[in-house]
Amino acid sequence: MFYKDYLKTKHWRVIRKRKLAANDFFGLKKCAICDTDKNLQVHHLTYKNLWNENNKTLRILCNDCHRILSFLPKLKGNGRIIKKWLKLRKQVLEIKEACI
């Protein structure tokens, strides 16, 4: 089974829902990188234990940070650029939130 097919399974939908609900219960339903609570996804830190995930191998990320994180292996040596971008993005979101 391909990973994209796995993400459509009932098993993954239940795991994803539980991760989001557990973090919401503790007030942590936000992106682990930039702290936004918009467009959240659940990210696998490893694909070795598909069908047997646990909380330690899953992270909640927003769509933007998830896409950037997906490109990190392809951008070897450019980690500083990504870290600066993520820091700047977090600052922009904080300013935007303060203006609301």
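**A tour from Trp51 to the strand pair**

Select Trp51 to begin: in this predicted model it is partly exposed, with a relative accessible area of 46%, a value that falls between the 20% and 50% cut-offs for buried and exposed.

Next, add Tyr6 to the selection and look at the two rings together. The ring centres of Tyr6 and Trp51 are 4.9 Å apart and the ring planes stand at 70°, so the pair counts as edge-to-face, given that planes over 60 degrees apart fall in that class. Tyr6 belongs to helix α1 (residues 3–6), whereas Trp51 sits in the loop between β1 (40–44) and β2 (58–62), so this contact ties together parts that are 45 residues apart in sequence. Unlike Trp51, which is partly exposed, Tyr6 is buried, with a relative accessible area of 1%.

Keep Tyr6 selected and bring in Trp12, which is buried as Tyr6 is. A search of the whole structure yields 2 aromatic pairs. In the pair of Tyr6 with Trp12, the ring centres lie 6.0 Å apart and the planes meet at 45°, so this pair is tilted. With all three side chains displayed, you have one aromatic cluster made of Tyr6, Trp12 and Trp51.

Now move to the strands on either side of the loop that holds Trp51. Strands β1 and β2 pair in the antiparallel sense, over 5 bridges, and selecting Leu40 will show it standing opposite Cys62 in β2. Finish on β2 itself, where 4 of the 5 residues are buried, so that this strand is largely enclosed by the rest of the structure.

How values were computed
Residues numbered from 1 in each chain as written. Predicted model: local features only at pLDDT ≥ 70, side-chain atom pairs only at ≥ 80, totals over all residues. Heavy atoms only, no water. Phe/Tyr/Trp six-rings, centres within 6.5 Å; stacked < 30°, edge-to-face > 60°. Buried < 20%, exposed > 50% of the residue type's maximum accessible area, 1.4 Å probe, protein only. Helix = DSSP H or I, 4+ residues; strand = E, 2+ residues; numbered from the N terminus. Pairing = 2+ DSSP bridges.
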